[in-house]
Amino acid sequence: MLVDTHVHTCFSNDSNMAIETAIHRASELGLAITITEHMDMAYPEADVTFDIKQYFKDYAKYRSEKVLLGIELGMRTECFNDNRDIVNNNPFDFVIGSIHFVDNIEIYLEEFYHSRSKLDTYNRYFESMLDCLKTYDFIDSVGHIDYISRYARYDDPELYYYEFSDRIDEILKLVARNEKALEINTRRLTNPDTVANLLPIYKRFHELGGQMVTLGSDAHKPESIGSNLAIATDIAEACKLRVVYFKQRKPEWRK
Ligand SMILES: [Zn+2]
Ligand SMILES: [Zn+2]
């Protein structure tokens, strides 16, 4: 069974989805899901954390082979200790490490791009990802490497491997060496050009020793669950990467 390993429900500040709705939609699609609620510490304006004890208490009865319980950690160097404690002290199936902030500015905001070139902002984004990955050895998969392309205010926000190959190579090498997975986030894969632009990054991951990918829709609503999972599976196959999901922090795959 294919697993959508990146699904937000109502413990995430930006989703209202009930877990029952997510489970119902996943079962219609014949998918399993991993719930990965947002935990972004030190967020300046909003509370992007959740009550982990309550999460496990409320969702324990749904936990099964088809419903795994994880977390999406916002990686920031200054939150390292707090994030590590969260992972060490709770029985997650899966931990995604994501970059949502760079230099204390949310990537989502216009302010991050204001009066700066694409080269500059994207390079800072990758540097900050690399800085975090050097110490965040307790994550299982690196979330949405193309996240910045969702929000960048440039005529062409696409991520081209050749434009940032030095920094991307460093990141991919580190992920491979640490035997972590790389996420193929399916949110932007609706556009065939985007697929073509991202493919060299996943290919390079394999060339640099990477072996595992997780597939995640990043759904915040039922209609997004499982979106483009077939395209992501094709990408993985084309790049000779094994599609895994994590259960009790260990990689599993379809035999
Ligand atoms: Zn994210
Ligand atoms: Zn997410």
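**Figure 1. Sequence spacing and coordination of the zinc ion (ligand 1) in the predicted model.** The donor residues of the zinc ion (ligand 1) follow the spacing E-x27-H-x43-H along the chain. Coordination is provided by the OE donor of Glu-72 together with NE2 of His-100 and NE2 of His-144, at 2.1 to 2.2 Å. Glu-72 belongs to strand E3 (residues 67–74), whereas His-144 occupies the loop between strand E7 (141–142) and H5, so the pair ties together parts of the chain that are 72 residues apart in sequence. Glu-72 and His-144 are both buried.

**Figure 2. The bridge formed by Glu-72 between the two zinc ions.** Glu-72 bridges the zinc ion (ligand 1) and the zinc ion (ligand 2). The separation between these ions is 3.4 Å. The bridging residue thus appears among the donors of ligand 1 and among those of ligand 2.

**Figure 3. Coordination of the zinc ion (ligand 2).** Four protein residues donate to this ion: His-6 and His-8 through NE2, Glu-72 through OE and Asp-218 through OD, lying 2.1 to 2.2 Å from the zinc. The angles subtended by the four donor atoms run from 82 to 172°, which makes the arrangement irregular. A tetrahedral assignment would require all angles to lie between 85 and 135 degrees. The spacing of the donor residues in sequence is H-x1-H-x63-E-x145-D. Distant parts of the chain are linked here by His-8 and Asp-218, which are 210 residues apart. His-8 is located in the loop between strand E1 (3–7) and helix H1 (19–29), and Asp-218 in the loop between strand E9 (212–216) and helix H8 (229–238). Both His-8 and Asp-218 are buried.

**Figure 4. The largest pocket and its lining.** This pocket contains about 330 Å³ of space. Its lining comprises 18 residues, and those nearest the centre are Asp-14, His-38, Tyr-147, Tyr-151 and His-220. Helix H5 (residues 147–151) supplies the largest share of the lining, with three residues. By class, the lining divides into seven charged, six polar and five nonpolar residues.

**Figure 5. The second largest pocket, with Met-1, Leu-2 and Val-3 among its lining residues.** The volume of the second largest pocket is about 150 Å³. Besides Met-1, Leu-2 and Val-3, the lining consists of Thr-233, Arg-242, Val-243, Val-244, Tyr-245, Trp-253 and Arg-254. Seven of the lining residues are nonpolar, one is polar and two are charged.

**Figure 6. The surroundings of Ala-32 in strand E2 (residues 32–39).** Ala-32 has a relative accessible area of 1% and is therefore buried, the cut-off being under 20%. Beyond its neighbours within four places in sequence, Ala-32 makes contact with Met-1, Leu-2, Val-3 and Asp-4, and also with Glu-65 and Lys-66. Of these contact residues, Met-1, Leu-2 and Val-3 also line the second largest pocket. The C-alpha atom of Ala-32 is separated by 9.3 Å from that of Ser-64, a residue 32 places away along the chain.

**Figure 7. The largest cavity.** One cavity of 30 Å³ or more is present in the structure. The space within the largest cavity is about 50 Å³. Its lining is made up of Leu-133, Tyr-136, Ile-139, Val-142, Leu-174, Val-175, Asn-178 and Lys-180. Six of these residues are classed as nonpolar, one as polar and one as charged.

**Figure 8. Pro-91 in the loop between helix H3 (80–88) and strand E4 (94–98).** When residues up to four places away in sequence are not counted, Pro-91 touches Phe-56 and Arg-63. The C-alpha atoms of Pro-91 and Leu-69 are separated by 8.5 Å, the two residues being 22 residues apart along the chain.

**Figure 9. Positive phi angles at Asn-104 and Ser-115.** Although Asn-104 is not a glycine, its phi is positive, at about 65°. Asn-104 sits in the loop between strand E5 (101–102) and strand E6 (105–106). Ser-115, likewise a residue other than glycine, has a positive phi near 55°. The position of Ser-115 is in the loop between E6 and helix H4 (118–135). Ser-115 counts as exposed because its relative accessibility is 72%, the cut-off being over 50%.

Notes: Residues numbered from 1 in each chain as written. Chains lettered and ligands numbered in written order. Predicted model: local features only at pLDDT ≥ 70, side-chain atom pairs only at ≥ 80, totals over all residues. Heavy atoms only, no water. Donors = N, O, S within 2.8 Å, 3.2 Å for Na, K, Ca; no water. Tetrahedral: all angles 85-135°; square planar, octahedral: opposite > 155°, others 65-115°. Helix = DSSP H or I, 4+ residues; strand = E, 2+ residues; numbered from the N terminus. Buried < 20%, exposed > 50% of the residue type's maximum accessible area, 1.4 Å probe, protein only. Contact = heavy atoms within 4.5 Å. 1 Å grid on protein atoms, 1.4 Å probe; cavity = no way out; pocket = protein on both sides within 12 Å on 5 of 7 lines; lining within 4 Å. Points joined across faces, edges and corners; volume = space filled by probe spheres on them. Nonpolar A, V, L, I, M, F, W, Y, C, P; charged D, E, K, R; others polar.
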